[in-house]
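Ready for a short workout at the viewer? Try each exercise on your own before you read its solution.

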Amino acid sequence: MYNSKISGLGFYVPENIVTNDDLSKIMDTNDEWIQERTGIQQRRHVIRGEDTTTSMGVKAAKIAIERAGITAQDIDFVVFATLSPDYYFPGPGVLVQRDLGMRTVGALDVRNQCSGFVYAISIADQYIKTGMYKNVLVIGSELHSGGLDMTTRGRGVSVIFGDGAGAAVLTREEDTKKGILSTHLHAEGQHAEELALIAPGMGKRWVTDIIAENDPNDESYYPYMNGQFVFKNAVVRFSEVINEGLKANDLQVSDIDMLIPHQANLRISQFIQQKFKLADDKVYNNIQKYGNTTAASIPIALTEAWEQGKIKEGDLVVLAAFGSGFTWGSVIVRW
Ligand code: UT7
């Protein structure tokens with residue numbers, strides 16, 4: 001048996017900054033409401049034609065691969081997490097495989113929204129642990145801005161989300177006390193529609209219905225979120241799954257050197273921090289700058305924390321996520 005370790009990290013966000021004041025010019029919202037409820041000050045939106053979910057993922061991946069000290073030719077498998085793929089099908093995994101000029105390695109797409117990166121890491125880790133692959137590229141990338149209701153009707157959702165991508169290379173580690181110690185995944189499909197984008201899909205609203213009805217005011221084109229219900233579930237599940245990961249490794253909260261929570265809402269991160277009584281330098285947040293980038297939020301935050309020297313060899317790093325599905329999970333890493 002082997003472990004896997006994170007050998008390279010990278011992120012990319014589009015240059016175009018959209019502030020809360022910018023949003024207040026196109027919908028009935030304001031900086032005070034957004035900051036008070038979410039902590040978000042600004043987010044990035046792509047310039048149409050300049051970036052896609054895949055292209056952002058590729059940019060982040062190039063940095064991660066270089067930092068891992070390998071080339072795209074050394075990657076044995078790709079796992080791509082997103083809720084905003086370039087195409088309905090095929091998924092962006094194969095586009096990355098093509099755009100990075102890789103060998104004909106397998107490419108898998110993960111559909112787990114805010115927990116997507118944690119799920120993707122778990123998959124990559126299993127392939128490496130069994131000895132099947134040596135280097136796996138894991139990407140989380142989202143292009144939200146092309147699919148949000150940017151009118152007052154959609155303000156409860158659209159002010160929160162931003163665009164961006166993060167990537168990690170997972171590499172075989174012979175020392176099983178190092179690297180990814182364990183991953184913990186959960187789902188509760190009972191609440192699938194509490195945070196969802198229903199159309200187009202082959203359940204309630206077929207593509208053929210949408211074309212036939214051609215109704216630009218149809219709300220089902222846009223993401224729906226029962227914000228308070230999601231919030232209440234998030235704080236409970238985040239806590240549970242962090243505790244589960246610590247317990248599985250005989251670790252205590254006091255062993256945590258860095259917690260990287262999915263950047264859903266600064267208030268959620270602060271709630272978790274207070275509950276676990278973690279000092280400010282043991283929790284990394286950047287939702288203030290980027291908003292909620294779903295599957296990209298953990299790899300962007302992890303990369304930034306690492307770049308700023310906040311994660312050092314030997315540190316215990318905990319990743320935790322919760323989101324649409326509902327799905328949630330954690331990753332316990334000895335750096
Ligand atoms: O990453 C996936 C997981 N997602 C999450 O974890 C998100 C969890 N939920 C949340 O973060 C919060 O529920 C939100 C930030 C989404 C919303 O905050 P809230 O405190 O739950 O607000 P609310 O939805 O209850 O809305 C309160 C009021 C409403 O007005 P009335 O009915 O009280 O008059 C909304 O219409 O705020 C209004 N409102 C806004 N006002 C200004 C909603 N959105 C906005 C807005 N600007 N953007």
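The exercises below deal with the ligand site and then with some backbone details.

Before you start, note that this is a predicted model, in which local features need pLDDT of at least 70, side-chain atom pairs count only at pLDDT 80 or more, and totals for chains, interfaces and linings use all residues. Residues are numbered from 1 along each chain as its sequence is written, and side-chain values use heavy atoms, with hydrogens and water left out.

**Exercise 1. Find which residues are closest to the ligand, and look for polar contacts**.

Step 1: The ligand is surrounded by 21 residues, where a residue counts if one of its heavy atoms lies within 4 Å. The closest are Thr29, Arg37, Gln228, Asn265 and Asn292.

Step 2: Look for N or O pairs within 3.5 Å. The side chain of Gln228 places an N or O atom 2.7 Å from a ligand oxygen. For Asn265 the corresponding distance is 2.6 Å, and for Asn292 it is 2.6 Å.

Step 3: On its own the ligand has 950 Å² of accessible area, and the protein covers 72% of it (Shrake-Rupley method, 1.4 Å probe).

**Exercise 2. Work out where the shell around the ligand comes from**.

Step 1: Using DSSP runs (helices H or I, at least four residues; strands E, at least two; numbered from the N terminus), helix 2 (31-38), helix 6 (155-158) and helix 8 (227-248) each supply at least two shell residues. Helix 8 gives the largest share, four residues.

Step 2: Domain 1 (3-176) and domain 2 (180-334) both contribute to the shell, so the ligand lies between them. The domain bounds come from an automatic or database assignment.

**Exercise 3. Which peptide bonds are cis, and which residue has a positive phi**?

Step 1: Recall that most peptide bonds are trans, and that most residues other than glycine have a negative phi.

Step 2: The bond from Ala199 to Pro200 is cis, with omega near 0 degrees. Pro200 sits in the loop between strand 9 (195-196) and helix 7 (207-213).

Step 3: Gly325 and Phe326 are also joined by a cis bond, with omega about -15 degrees. Phe326 belongs to the loop between strand 12 (316-323) and strand 13 (327-334).

Step 4: Asn214, although not a glycine, has a positive phi of about 45 degrees. Asn214 lies in the loop between helix 7 and strand 10 (224-225).

Terms used: Polar contact = N/O pair within 3.5 Å; in protein donor to acceptor, adjacent residues only side chain to side chain.
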